[in-house]
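Here are a few short exercises to work through with the model open in your viewer. Try each task before reading its solution.

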Amino acid sequence: MRFSVPTFFTSAAPGALARRFFFALSLTGLLAAAPAHAQEGAAELLTAIKSRAASAVASAASDAAPPPADAKLVQRATRATQQDDERMLADITARLSRNPAFAGVQPTVQAGVAQLTGHVPDNEARQLAAKIVGAIEGVVAVDNQLTLQTNFSARLAETWVIAKDRLVRTVALVPLLLMAAVVVWLANLLGRWLSNHLGILRLDNRNPYLGTLVRRAVRTVFVLGGVLVALDLLEATALVTAVLGSAGVVGIVLGFAFRDMAENYLSGILLSLRRPFEPGDYVRVDSYEGRVVSLSTRNTVMMTLDGNELRLPNATVFKAVLLNFTHNPRRRFTFKLGVAYGEDLRRAQDLGVSTMAAMQGVLADPGPSASIEAVGDSAVTINYFAWVDQRQTDFVKARSEAIRLVKTALEDAGMDLPEPIYRVQLTLPEGHDADTAAAALPPVLAPLVAPTPAAAAPAPVDPQAVVRTQGDVSPNTELDAQIAQARARKAGQDMLQAPGGKTD
């Protein structure tokens, strides 16, 4: 049998405990007088009541208020906290007093919490004060109640104090500034002296622009070294790091922005080192031809045979196929003439070769030559070749005279130089001779079937006669004066200057 315990037996109130105790004594007396079978159920009920009462007493004991703290320990901790607050206040006051911008700041510390009151000149000073105080050991929080100063006279006075402080620092740095200036001046002087005495390397004899470039590089290295030493004396090496970092970023940006300009500059330097042409050379760059005037850091200046100035980017010249006609003074010219099918081709070749050999300006070694190129529709094409020395003979003039003289010699020898024509061949019937056929034809067609007279042997070429009829083949100097004037105008920017500063 199980019994349910009334609610008042589980309550932890003081009155309920007394009532449970009185009820337990009464129940004990009744059990003593009750029969044996009734005592078993009553004993079980009494045991449940005792256990519930014990748990209620334990719960009441746990809900009771904790014992009060020791007064001596509290007093000792309070004194330690006050000492820490005084130490932190002293540190805060000492650090803020070193900055004139914090002259109007009043700090206080209460239980590790720093409170800042007063005024500062700007918001940056307000934030800086909070950072300085928060970095002090023991500060758990910063109550920043600083306000910005709006009084004009106060702010003016504070500005004057700051300016005066910086002026005093600048005056104190005057000796170091003078020493730094002397270091830079000495470095510049040493770099200039060394760059002017690099003649032992004989760079000017190899490449004048290379010598100038090396001298500038040596002088720049010495000046930069002097600047670094001067900044180290002024304890401003951090500025060098910042400047170099910024210069690297700016250099990358400018490199992408001025890529073509940098490419032309580097190509100009490489062209001046390799020197594929000299001033006055006649060159062909891709489809452009002309005589070289000068080479600058950005472009190559040429003059066409018409007297026009032609500027080509150095990168284009450096990467293009370049043909220099002047580098080798010997140059071969060629031209073509067509002779009729019935002519003696060997005789036409020999006659042209002997005519060119008799010309002034045509070299004997290697001598003139001729070759048959092709058999065309109306003529056999013959190529004629001859060499000239461009230092003594103009190429264009010599070729022009050779064409004229060879054509005249072939015509004087009775050779036919036909134009493009259509050939009509007439066949005579059997039993008719040429004379009878010619008489029967109209007068216009009679010469076509007339017998061809035997060709007379050509007269030998008279060299003196060729010389008398030959035109001027001297070098062409029409552009020399114009090129000299153009080079004189660009002398300061020319990277093809000859050693000693000469322009040619």
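**Exercise 1: A run of hairpins**

In this predicted model, strands S5 and S6 form a hairpin with 2 residues between them, and Asp286 in the turn has a positive phi of about 55°. Your task: work out how S6 is paired with S5 and with S7, and how well S6 is covered.

Solution.
- Step 1. Start with S5 (residues 282-285), which pairs with S6 in the antiparallel sense over 4 bridges. To check the register, find Val283: Gly290 in S6 stands opposite.
- Step 2. Move along to S7 (residues 299-303), which runs antiparallel to S6 and is joined to S6 by 4 bridges. Here Leu295 faces Thr300 in S7.
- Step 3. Look at the link between S6 and S7: a hairpin with 3 residues.
- Step 4. Now count cover along S6 (residues 288-295): 6 of its 8 residues are buried, taking buried as under 20% relative accessible area.

**Exercise 2: A sheet and its helices**

Find the strand order of the open sheet that contains S10, S11 and S12, then describe how helices H12 and H13 are placed against these strands.

Solution.
- Step 1. Trace the pairing: the 3 strands are ordered S10-S12-S11, and the pairing is antiparallel.
- Step 2. Identify the edges. S10 (330-339) and S11 (369-375) each pair on one side only, which makes them the edge strands.
- Step 3. Add the twist, which averages 25° from one strand to the next.
- Step 4. Zoom in on S11 and S12 (residues 380-389), an antiparallel pair with 6 bridges. Within this pair, Ile372 has Ile382 in S12 as its bridge partner.
- Step 5. Place H12 (residues 345-357): this helix packs on the sheet, touches S10, S11 and S12, and makes about 20° with the direction of S12.
- Step 6. Finish with H13 (residues 395-412), which lies across S10 and S12 and runs at about 30° to S10.

**Exercise 3: A nonpolar patch**

Which residues make the nonpolar surface patch, and which helices supply them? Also decide whether Leu167 is buried or exposed.

Solution.
- Step 1. Collect the members: Leu167, Val171, Val174 and Leu178 make a patch of about 370 Å².
- Step 2. Assign the helices. H5 (152-172) and H6 (174-196) each contribute at least two residues to the nonpolar patch; Leu167 belongs to H5.
- Step 3. Classify Leu167. Its relative accessible area is 53%, and exposed means over 50%, so Leu167 is exposed.

Key:
Residues are numbered from 1 along each chain as its sequence is written. This is a predicted model: local features need pLDDT of at least 70, side-chain atom pairs count only at pLDDT 80 or more; totals for chains, interfaces and linings use all residues. Side-chain values use heavy atoms; hydrogens and water are left out. Patches are made of residues with over 30% relative accessible area and no salt bridge: like charges are joined within 9 Å, nonpolar side chains (Val, Leu, Ile, Met, Phe, Trp, Tyr) within 5 Å. Accessible areas come from the Shrake-Rupley method with a 1.4 Å probe; for residues, only the protein chains shown count as cover. A salt bridge is a side-chain nitrogen of Lys or Arg within 4 Å of a carboxyl oxygen of Asp or Glu. Buried means under 20% relative accessible area, exposed over 50%, partly exposed in between (1.4 Å probe, protein chains only). Two strands pair if DSSP finds at least two bridges between them. Axes are lines fitted to C-alpha atoms, for helices over the stretch in contact, and angles run from 0 to 180 degrees between N-to-C directions. Contact means heavy atoms within 4.5 Å.
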